[in-house]
Amino acid sequence: MRDARAEATPTPYAVEGVDLRKTFPLRRSMWGRAIEQVVAVDGVSLAVEPGRTLGIVGESASGKSTVARMLAKLIPVDAGKVVWEGADVTELKGRALRPLRGRIQMIFQDPYGSLDGAYSVGYAVAEPLKVHRRASGSDARDRVAQLLERVNLDPRLAARRPGELSGGQRQRVSIARALALEPTALIADEPTSALDVSTRAEILNLLRELQQTMDLAIVLISHDFATIRHLAHRVAVMHRGRIVEEGTASQVVNDPQDPYTRRLLDSVPVPNVEEQRRRRERLHSSADTARPSSG
Ligand SMILES: Nc1ncnc2c1ncn2[C@@H]1O[C@H](COP(=O)(O)OP(=O)(O)OP(=O)(O)O)[C@@H](O)[C@H]1O
């Protein structure tokens, strides 16, 4: 069995995707050959350092989730490379990947996706510890209590079923579970879109707090610029499977270069007067989409 850790090369990045590509078959012939397909991701490269957040923003079907799932090794790439902490994990699967599994964790929009309603909250949080660390008994119970406290939940909730909790509490539980193996990176795919507005801010603030205390790298995926802006240091804008613009959050928000980014920004609710002024300016300049790039 290959030891991916031994092959790691020094890198500033917790997680990296290099020229990622993915096509899905839509229709197959009776011999199993794809006769209609969709190019979901078409040459995407991105990387994020510990302690930093990369936001990936784009409309529905732009390929964000597919990038996330490839980075988290939940689906294989068609081409390109996935690198975790300097180790090329593109070809690793099954048992070969297991020692590294806990390093990069994913959080989904619907916490039910990762929480089985038949089991208790404590069981859900302890499961990765039991599988990967062989923790059991009071060790596992203590660790579950610590993890629930870390996401600002009462440890007594461990005895409840996920269905008895609010949406925000459930998302905190899935974050606690994701933290169980002390990952270096979290990939959060629309982690707040199923929540009401005030709970959204609480979850984003929690992610920021955890990032600061644990030096976590975060890849935050959202169709919503307001969510991305809340947390991201850098932003990549995806459109039709490609990154059309990437830069620091303030560059992309205050001086978007791509017409698609400007359209996306213009669909965000206006938060203040200053922003309204910027938008008016953008509207003028987008009349001339051939505006020369300043970068
Ligand atoms: N398992 C799959 N089988 C077939 N097509 C798929 C599959 N997963 C994604 N696609 C297609 O790939 C394209 C990109 O989808 P993806 O879910 O990555 O986009 P997205 O930007 O995350 O959208 P959303 O915000 O709606 O989740 C879409 O056209 C989608 O229909």
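Leu20 is buried, and the reason is a count: 25 other C-beta atoms lie within 10 Å of its own, where 20 or more is enough for a residue to be called buried. Keep in mind that this is a predicted model. Leu20 sits in strand 1. Leaving out residues up to four places away in sequence, Leu20 touches Val41, Val44, Val67, Met70, Val77 and Gly80. For a sense of distance, take Ala124: Leu20 and Ala124 are 104 residues apart in sequence, and their C-alpha atoms are 32 Å apart in space.

Now the strand that holds Leu20. Strand 1, residues 15-28, pairs with strand 4, residues 79-84, in the antiparallel sense, over 5 bridges. To locate that pairing on your screen, find Arg21, whose bridge partner in strand 4 is Ala79. Strand 4 also pairs with strand 5, residues 87-88, again antiparallel, this time over 2 bridges. Here you can look at Val83, which has Asp88 as its bridge partner in strand 5. Strands 4 and 5 make a hairpin, with 2 residues between them. One residue of the turn, Glu85, has a positive phi of about 45°.

Two of the contacts of Leu20, Val67 and Met70, are among the buried residues of helix 1. How many of the residues of helix 1 are buried? The number is 7 of the 8, so helix 1 is largely enclosed by the rest of the structure. By name, the buried ones are Lys64, Ser65, Thr66, Val67, Ala68, Met70 and Leu71. Just after helix 1 comes Lys73, with a positive phi of about 60°.

On to the ligand. Which element gives the most to the shell around it? That is helix 1, with 3 residues. Strand 2, residues 34-48, and helix 1, residues 64-71, each supply at least two residues of that shell. The full set around the ligand is Phe24, Val38, Ala40, Gly58, Ser60, Ala61, Ser62, Gly63, Lys64, Ser65, Thr66 and His223. Lys64, Ser65 and Thr66 appear in this set and are also buried residues of helix 1. By class, the shell has 7 polar, 4 nonpolar and 1 charged residues.

Next, the domains. The protein chain is divided into domain 1, residues 4-254, and domain 2, residues 255-295. Between them, 11 residues of domain 1 are in contact with 11 residues of domain 2. On the domain 1 side, the elements that give two or more residues are helix 7 (225-231), strand 9 (234-239), strand 10 (242-248) and helix 8 (249-254). Helix 8 has the largest share of that side, at 4 residues. The residues on that side divide into 7 nonpolar, 3 polar and 1 charged.

Last, confidence. The protein chain averages a pLDDT of 86, and 85% of the residues score at least 70. The model has an ipTM of 0.97 and a pTM of 0.86. Where does pLDDT stay under 50? That happens over residues 287-295, for which the model has 5 contacts beyond four places in sequence. Where pLDDT is low, the predicted coordinates should not be read in detail. Residues 287-295 fall in domain 2, which runs over 255-295.

How values were computed
Residues are numbered from 1 along each chain as its sequence is written. This is a predicted model: local features need pLDDT of at least 70, side-chain atom pairs count only at pLDDT 80 or more; totals for chains, interfaces and linings use all residues. A residue is near a molecule or strand if its C-beta atom, placed from the backbone, lies within 6 Å of it. Ala, Val, Leu, Ile, Met, Phe, Trp, Tyr, Cys and Pro count as nonpolar, Asp, Glu, Lys and Arg as charged, and the others, Gly among them, as polar. Domain bounds come from an automatic or database domain assignment. Two residues are in contact if their C-beta atoms, placed from the backbone, lie within 7 Å. pLDDT is the predictor's confidence in each residue, from 0 to 100. Two strands pair if DSSP finds at least two bridges between them. A residue is buried if 20 or more other C-beta atoms lie within 10 Å of its own, exposed if 12 or fewer, and partly exposed in between; C-beta atoms are placed from the backbone.
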